[in-house]
Number of protein chains: 2
Amino acid sequence: MKRIEKISLSHGSGGEPSWRIISELFLKEFYNPFLSPLTDSAILTLSSHNLLNGLKTCVPPLGKKEAGISCRDIKIAFTTDSYVIKPLFFSGGDIGKLAIAGTVNDLSVMGSKPLFISCGLIIEEGFEYDLLERIILSMKETALDSGVQIVTGDTKVVEKGAADGIFINTAGIGLVMDGVKLMRERIEPGDKVIINGTIGEHGISVISRREGIDFESEIESDCSPLNSLITSVLESTADIKFMRDPTRGGLASTLNEFVKGMKWGIVLNENDIPVSKGVRAVSDMLGFDPLYIANEGKVVMVVSSADKENVLKIMQNHPQGRDTRIIGEIVSSPQGMVVLKTAVGGARIVDMVSGEQLPRIC
Amino acid sequence: MKRIEKISLSHGSGGEPSWRIISELFLKEFYNPFLSPLTDSAILTLSSHNLLNGLKTCVPPLGKKEAGISCRDIKIAFTTDSYVIKPLFFSGGDIGKLAIAGTVNDLSVMGSKPLFISCGLIIEEGFEYDLLERIILSMKETALDSGVQIVTGDTKVVEKGAADGIFINTAGIGLVMDGVKLMRERIEPGDKVIINGTIGEHGISVISRREGIDFESEIESDCSPLNSLITSVLESTADIKFMRDPTRGGLASTLNEFVKGMKWGIVLNENDIPVSKGVRAVSDMLGFDPLYIANEGKVVMVVSSADKENVLKIMQNHPQGRDTRIIGEIVSSPQGMVVLKTAVGGARIVDMVSGEQLPRIC
């Protein structure tokens, strides 16, 4: 492939060009066992026993038992995201809510309980203090909602024209829940693919506001922290094998990450994928496919067939999961592909997003 | 005080206006016990016993002993910084080196061993791939030097004109070393103030490059990870009471943070503060005071008087501490102030930086 000369918007799309730069540059140069799975969060084991060689240790050796409690290391999830969304305020949320919810969700889908968040602000000189205050209050509220604490931060101000209003980076730390085994390797044909509701609301809400498109009824972003919903499922006995939040690149790109290099594929039933009338109408009008539109309050899970009804029930009883549906299943063939059975009886391959679709959507 | 209307460059200076926005907005709204000390890193205790209520726990109760090992929770340090430095490349470093060293240093001065780093990139459309590669290689090298691993990341691309080249956020996790007690509350009159070398190199190097100022001999930034130097001191028996890295706002602002609200003050001896001829010359020419100029490879410590010789020896034997000096001491009066005994025999109060001095210096 030709060497990349300049960074383009597509390199931040979450699709194929993003993956190229990640694998050819970041993964190659930064290579280490924690980074290499390229998951939403890195899973790290903290053990003063192992890590502080030479220093007095304070945690008993791995696996040692005492009074019925298995004593071992602490496993954490660690993640980061920068938020550059435009406009800063949209129906259903704003950059502050998004910056907390997005990072909480990245920690949650890795099977961890989100605990601590950092907040790095880059602000353009001249930015209205009132807007900053609204954003901070929104971060505060979302942090309260999801039970995380913003424990450290940094503020940089750049001169007028050197940034676009405000950019927010959050990093997060979560504690990996005991007994959770979320691994693509455990997925097998017959397992079901489940999503907690309609797709495309976030992207359509943002692009509508940005382009000044007026609709009869405004479409609200689904932006919200999902840790409560995800925990309720993970704390059940159901066999959840894997999950991700389909953000940049949409459901299509996320499911392509599921199947990449695996000896199984996914068949989706178009009829079962929940899309609201509003999202459908705007997508048709603007020429977008809802499968590729970003969500910020959705999680897609792979569940053993035996537990599908159980999981559906748990999720549908949760305020963020009322519209939960089984949208497809794992198949032994074709391998490594996502296929959509269309409403009219056909079938087509669903690829990863290949170029820029909607820049600055998160 | 009048309500702030717009964010100005001074709000990112690390001086008084920065503190105002931090205390009036961030600390007020995000308030929690971890954030409230406003230290370089938050110190967090991870304990599945305490935090995962309802879930099976895997760490014995705090303080329980087994086979001579005291079994307790794991304490981590967590920090974040965004880097918006201009120009991206300067004598002695670049934004990539700075992004790793800065975060490593923030973890180190809290008495932790830096382990894991996240990397969030915001790139302007059209940015040269070759420059990105140079920056990534520099991050890689600095990470190797300091023994940290870059374990998670995110890349956003914004359209041309919406950012200035590249901004980098790093967050970091360190493991707090056993037995370390770095607390301002332990400082008392008679303790000594020590710095590991000359001040002002970073700021002068960056501003020279930015303004295209030519000198006979180029001034190199001191930008470097200090964890090895700091660990060597913390692993000794010396009684180190507190330390910080004097970055934005310079040595003057950092020492003002030391004394804020305390029942003691600091007297500095101008004659003992190491300033290179080059930094002195450029500072005089541009009207800067080296005390307020950013450093990126300096640490200032408060050490018990009894241990000062011991610490001096350890540090002077380390490549990053050859020019270590005692520059002042803790005095019972005046309280809460930093006073400079000038070279000509006078004395003046050294305030925190009050306005913008050098924007985009880190």
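**Exercise 1. The salt bridge between the domains of chain A**

Find the residue with which Arg244(A) forms a salt bridge, and state how far apart the closest N and O atoms are.

*Solution.* The partner of Arg244(A) is Asp40(A), with the closest N and O atoms 3.1 Å apart; a salt bridge here requires a side-chain nitrogen of Lys or Arg within 4 Å of a carboxyl oxygen of Asp or Glu. Between domain 1 and domain 2 of chain A the count is 1 salt bridge. The model is a predicted one, in which local features need pLDDT of at least 70 and side-chain atom pairs count only at pLDDT 80 or more, while totals for chains, interfaces and linings use all residues. Residues are numbered from 1 along each chain as its sequence is written, chains are lettered from A and ligands numbered from 1 in the order in which they are written, and side-chain values use heavy atoms, with hydrogens and water left out.

**Exercise 2. How the two domains meet**

Describe the contact between domain 1 and domain 2 of chain A, beginning with their bounds and ending with the residue classes on the domain 1 side.

*Solution.*
1. Domain 1 of chain A covers residues 39-176 and domain 2 covers 184-349, the bounds coming from an automatic or database domain assignment.
2. Taken over C-alpha atoms, the centres of the two domains of chain A are separated by 24 Å. Domain 1 gives 24 residues to the contact and domain 2 gives 22, where contact means heavy atoms within 4.5 Å.
3. About 1,900 Å² is buried between these domains, 60% of it from carbon and sulfur atoms; buried area is the accessible area (1.4 Å probe) that two parts lose on being put together, summed over both. On the domain 1 side, Ser91(A), Asn105(A) and Val109(A) lose the most area to domain 2, together 31% of what that side buries.
4. The domains of chain A share 9 residue pairs in polar contact, with both residues at pLDDT 80 or more. A polar contact is a pair of N or O atoms within 3.5 Å, of which, within protein, one must be able to donate a hydrogen and the other to accept it, and residues adjacent in sequence count only if both atoms are side-chain atoms.
5. On the domain 1 side, the elements giving two or more residues are β5 (89-90), α3 (95-108) and α4 (129-146) of chain A; helices (H or I, at least four residues) and strands (E, at least two) are DSSP runs numbered from the N terminus. The largest share, 8 residues, comes from α3(A).
6. That side divides into 10 nonpolar, 9 polar and 5 charged residues, with Ala, Val, Leu, Ile, Met, Phe, Trp, Tyr, Cys and Pro counted as nonpolar, Asp, Glu, Lys and Arg as charged, and the others, Gly among them, as polar.

**Exercise 3. The interface of chains A and B**

How many residues of each chain are in contact, and which polar interactions cross the interface?

*Solution.*
1. In chain A 102 residues are in contact with 102 residues of chain B, and the area buried between the chains is about 9,300 Å², with carbon and sulfur atoms giving 65%.
2. The rule finds 16 salt bridges across this interface, and the structure holds 42 over all chains.
3. Arg248(B) forms a salt bridge with Asp154(A) at 2.7 Å between the closest N and O atoms. This pair runs from the loop between β11 (240-244) and α7 (250-259) of chain B, where Arg248(B) lies, to strand β8 (residues 149-158) of chain A, which holds Asp154(A).
4. Arg360(A) and Glu159(B) also meet in a salt bridge (3.0 Å, N to O). Arg360(A) sits in the segment after β16 (347-349) of chain A, and its phi is near 50 degrees, a positive value in a residue other than glycine.
5. Between the chains, 32 residue pairs are in polar contact, both residues at pLDDT 80 or more. The chain A side that touches chain B divides into 53 nonpolar, 22 polar and 27 charged residues.

**Exercise 4. The relation of the two copies**

What rotation and shift superpose chain A on chain B?

*Solution.* A rotation of 180 degrees with 0.0 Å of shift along its axis superposes them, with RMSD 0.0 Å, which is the relation of a two-fold axis. The superposition is by least squares on the C-alpha atoms of residues with pLDDT of at least 70 in both copies. Of the residues of chain A, Ala163(A) comes closest to the rotation axis, at 2.1 Å (C-alpha). The same surface serves both copies, as 99% of the contact residues of chain A recur in chain B.
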